[in-house]
Amino acid sequence: MRASNPIISVLLFTTLLALQVVNGALVNNFYRRTCPQAERIVQDVTFRLVRSNPRLGAQLLRLQFHDCFVRGCDASILLDTVGTNQSEKEARPNLSLLGFNEIDQIKSEVEKACSGVVSCADILALAARDAVSFPFKNRPRWPVLTGRRDGTISRSSEVSGNIPSPFSDFATLKQIFENKRLNVIDLVILSGGHTLGEAHCGTFSRRLYNFTGKGDADPSLDPRYADFLRTKCPNPADPSITVEMDPRSSRSFDSNYFKILTQHKGLFQSDAALLNDTSSSRLVRSLQNPKVFSFSFASSMLKMAAIEVLTGNNNGEIRKQCRFVN
């Protein structure tokens with residue numbers, strides 16, 4: 001990779017910008033004095049949980065994403081409904097989220113060592129990174145800065161319009177990311193998280209059976225891949241059936257997602273939409289390079305994990321239990 005490569009130059013600039021975004025708000029090893037074993041405990045418990053649930057990396061990465069895009073990275077997604085106020089996890093885009101029980105287990109172990117010190121928001125950020133990094137052993141896929149505090153408000157009514165939909169077009173995706181001070185580069189890079197995990201048939205079945213309301217298929221979807229998906233997903237969609245988001249690579253954190261996009265095998269409309277913009281499409285092709293993807297994902301995760309964070313003693317709290325405010 002040459003330094004004169006414009007894509008690499010942009011990614012280097014993005015990394016510097018990411019560091020500026022988090023500078024002064026989040027720091028490396030925030031708990032080094034108050035709970036020096038915190039990050040090791042999170043990693044040890046997370047690794048143990050991933051051994052019995054290889055899908056946990058995809059689940060926690062998605063959980064963190066859905067948390068940060070509503071009220072910032074404050075663990076509001078983890079709060080249970082209390083009384084008549086429905087929490088974020090009750091909103092339709094969040095009904096299929098998993099990983100809550102695992103975060104509870106990690107938090108419980110951290111509380112045994114340091115009660116009331118480590119936030120659920122930091123635990124979620126660390127656990128998501130560690131779960132994805134597990135196959136790489138001692139090579140974490142991105143840095144996690146800490147110092148977040150937990151929010152005390154969680155409303156299902158605030159989810160709509162903040163979480164990108166699998167049906168979104170490029171303009172909508174771009175606007176949602178811009179609202180969070182993330183750019184098109186971050187949009188494309190973070191979409192690479194779809195290299196992990198599975199999706200329910202209902203999130204893409206319209207592309208197979210009734211794309212324009214006339215019983216047709218989405219012409220931007222590879223016809224042979226569409227035929228394969230129909231063998232997995234009947235019409236109407238069965239909510240219990242899931243398929244890989246990254247065919248034959250859904251448990252490997254790699255750049256294969258960007259390769260299948262150029263083969264028109266992106267599962268969601270929002271995946272296919274990344275090819276509908278010139279700059280976005282160019283970046284998709286650059287990110288097929290494993291080193292470029294690894295470097296750039298780490299940069300954009302730094303930025304995403306710093307969205308509207310609560311820091312300092314006068315903001316938020318440190319929850320004793322991640323499901324409830326103190």
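A residue is called buried here when its relative accessible area is under 20%, exposed when over 50%, and partly exposed in between (1.4 Å probe, protein chains only). Arg 323, with a relative accessible area of 22%, is therefore partly exposed.

Before going further, some ground rules. This is a predicted model, where local features need pLDDT of at least 70, side-chain atom pairs count only at pLDDT 80 or more, and totals for chains, interfaces and linings use all residues. Residues are numbered from 1 along each chain as its sequence is written, and side-chain values use heavy atoms, with hydrogens and water left out.

**Two domains and their interface**

Let's start with the overall layout. The domain assignment, which is automatic or comes from a database, splits the protein chain into domain 1 (37–158) and domain 2 (170–303). Their centres, taken over C-alpha atoms, are 24 Å apart. Domain 1 brings 14 residues to the contact and domain 2 brings 16 residues, with contact meaning heavy atoms within 4.5 Å.

How much area is buried between domain 1 and domain 2? It comes to about 1300 Å², and carbon and sulfur atoms give 74% of that. Buried area here is the accessible area (1.4 Å probe) that two parts lose on being put together, summed over both. On the domain 1 side, Arg 55, Phe 69 and Trp 142 supply 37% of the area buried against domain 2, more than any other three residues.

Across this interface the rule finds one salt bridge, that is, a side-chain nitrogen of Lys or Arg within 4 Å of a carboxyl oxygen of Asp or Glu. H3 gives four residues to the side of domain 1 that touches domain 2, the largest share.

**A closer look at H3**

Helices, by the way, are DSSP runs (H or I, at least four residues), numbered from the N terminus. Helix H3 covers residues 56–68 and has 13 residues. From first C-alpha to last it reaches 18 Å, close to the 18 Å expected at 1.5 Å a residue; the expected span is 1.5 Å times one less than the number of residues.

Is H3 mostly covered or mostly open? Mostly covered: eleven of its 13 residues are buried, including Leu 56, Phe 65 and Cys 68. Those buried residues pack against helices H2 (38–52), H4 (100–113), H5 (120–133), H6 (170–179) and H13 (290–304).

**Salt bridges**

The rule counts 14 salt bridges. Here are some of them.

| Pair | Closest N to O |
|---|---|
| Glu 198 and Arg 55 | 3.6 Å |
| Arg 323 and Asp 80 | 3.3 Å |
| Asp 130 and Arg 129 | 2.7 Å |
| Lys 303 and Asp 186 | 2.7 Å |

Lys 303 lies in helix H13 and Asp 186 in helix H7 (residues 184–191), so this pair ties together parts that are 117 residues apart in sequence. Both Lys 303 and Asp 186 are buried. Salt bridges that share partners also join Asp 80, Lys 89, Asp 104 and Arg 323 into one network.

Asp 130 is buried, with a relative accessible area of 3%, and Arg 129 counts as buried too, at 9%.

**One loop residue**

Finally, there's Asn 289, in the loop between helix H12 (278–286) and H13. Why does Asn 289 count as partly exposed? Because its relative accessibility is 30%. Asn 289 and Asn 256 are 33 residues apart in sequence, and 9.1 Å apart in space, C-alpha to C-alpha.

Terms used:
Helix = DSSP H or I, 4+ residues; strand = E, 2+ residues; numbered from the N terminus.
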